[in-house]
Amino acid sequence: MATYLKPINLELCTLSSQSTWSQTGTTIFGSQVGTAGSSLSLLSQPIGMYYDEPNNMLIVSDYGNYRVVQFPITNPPSVATVIAGGNGAGCNMNQFTTTIGVALDSSRQLYVADSNCNRVIRFPANSNSTTSGTVVGSVGEPANLFINQLTGDIYVVSYIDNAVYKFIGGSGSPVVAAGGNGNGNALNQLAGPNGVYYDNLYTNALYVADNGNNRVMKFPSDSTNATYGTVVAGDNGAGSGANQLYKPRTILIDSSGALYISDGGNNRIQRWLQNASSGTTIVGGTQGTASNELNFPEQILFDKYNNLLVVDRNNNRIQLFNLTTCYSSAKYYRTGTCSNSRYYYYSVILINVNTSGCYTIQSQGDMNTSGYIYNNSFNASVPSQNMIAFNYEDIDDSQFSFNLFINAITKYILVATTYDSNTIGAFSIISNGIGPVQFVIQQ
C-alpha cells in the first residue's frame, strides 16, 4: 500500500519569472554567525539536504560530524535527531567519511552518498545512530544524488569518473546516464560534476551541475554515455557576470521550466529562465555571515510554500528565504453553482500511476474542499466536459474522497477547489493504492 502526500495552495502561489524572495534569510538550523559545532543544535560543513514534504522536515548531511541529521522546519531552530552515522569517521556500516547527497525513497528508506568510501549506502526507515546500513552499490567519489520517486531510479554523481550513474529501480549495477567520457568540456563530457536533478514533472530531462566547466547541462530522459547534452546555463568561463557561473553546485526546476542554480563560488542563487542566455540573482551575491549573505551555498530546495531553503555550507547553517511575490491560483465558474458571480480558486493536477488498480484519493486540510476527476483534459470554460466523477465534503463533511480504478495508460486530471467561493487556504492530497501515485500540478 503506497501513500503520497501533496500539499496544494489555492490562491497562494504559482512560481513565475516575477516571483521574488526576501533578501534576508532566517537561520532555521545551525549558527546564525557561522560557528561550527558538534552539538545537536549545530552543524559542521553541511552539504546535502532533502526536504521531507509530508512531515515538513529537513534531512541534512552534516559532513564535518560524519552524520546525517533530521529536524523540523521551525523558527527558532529545534534540536536535531541523528538518523545515520555520528560514530566517528570510517567505512563501517554505521559510519561515514564524507557525507554528501541524501534522499528518501517512497518507502522512506534513507540513501547517503559517502564519497571517500566510494559507496551509496541505504538505511531503513526510522533509522538512528545505532543503525547499520547496506551498500546499494559502489560509485567512485559519489557527490549528490537524486531519486525519481515514481520509478525508484537513483541518479548519483561521480566526481572522479566525471559521470552521472543511474541505479535502475534503485538496485543492480549502475549504468552511465551522462558523461563518463573523461574530464573535458565536450557536450558528452563533464568535469568534476557535483549536482544532479531529474525533472519528471515538467521537462522530463536530466540536469547536471558541471562544476569544473562552470555550466549546467541538460540531457534527455534516456541518455547514456553516448548522449550529447545541451548547455542551459553558464559555459562562459568562471566569473560573476550574469551569463557566468563559478562552481555551480546544485539545481532545481520549477513548473515554468525555469532553472535555479546554487552558484557556490559566487555565493549566490541564480535563476535562468528557459532558453535564457543569462541569469538573475534571487538571493545572495556577497560572501559573509550576515542574513543577506552566503558563503559557498550547496543544496537548494523549495518548501511546500515555495520558500527557498539553502545549505550555507561555510557558514554552517541552513537559511530560509521567504517567498514575497508570486501569482495567485486561477479562478473559475464551477459547474453546479447557480450564480455566475460565485467563482472558485482551483488547481489542475495530473494523476500518474505505473500500476493499474484501485486507488483512494482524498483531501486533507482545515478548509472545505471539492474534487472533480476528468478524463484526458479539463476546460475551465466548460467544467462539465470530460468530467467522470465529483465529490465534496465526504470526509467529516469537509473533504473530498474518491475510490477509483485508475488505468496506467489513461490520462486522469484532478481539479481541486474550495467548497465555498472566494475562499483561500492550503490543503493536501493523499493517495493510497497498490503503487505510488505522482501528482503533477499543471495550473
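**Exercise 1.** How many residues of domain 1 are in contact with how many residues of domain 2?

*Solution.* Begin with the source: this is a predicted model, in which local features need pLDDT of at least 70 and side-chain atom pairs count only at pLDDT 80 or more, while totals for chains, interfaces and linings use all residues. Residues are numbered from 1 along each chain as its sequence is written, and side-chain values use heavy atoms, with hydrogens and water left out.

Next, locate the parts: the domain assignment, which is automatic or from a database, gives domain 1 (25-322) and domain 2 (330-441). Then apply the contact rule (heavy atoms within 4.5 Å), by which six residues of domain 1 touch seven residues of domain 2.

**Exercise 2.** Find how much area the two domains bury, and which residues of domain 1 supply most of its share.

*Solution.* Buried area is the accessible area (1.4 Å probe) that two parts lose on being put together, summed over both. For domain 1 and domain 2 this comes to about 570 Å², with 59% of it on carbon and sulfur atoms. On the side of domain 1, Leu-150, Leu-201 and Tyr-202 supply 75% of the area buried against domain 2, more than any other three residues.

**Exercise 3.** Look for salt bridges between the domains.

*Solution.* Search for a side-chain nitrogen of Lys or Arg within 4 Å of a carboxyl oxygen of Asp or Glu; across the interface of domain 1 and domain 2, this rule finds zero salt bridges.
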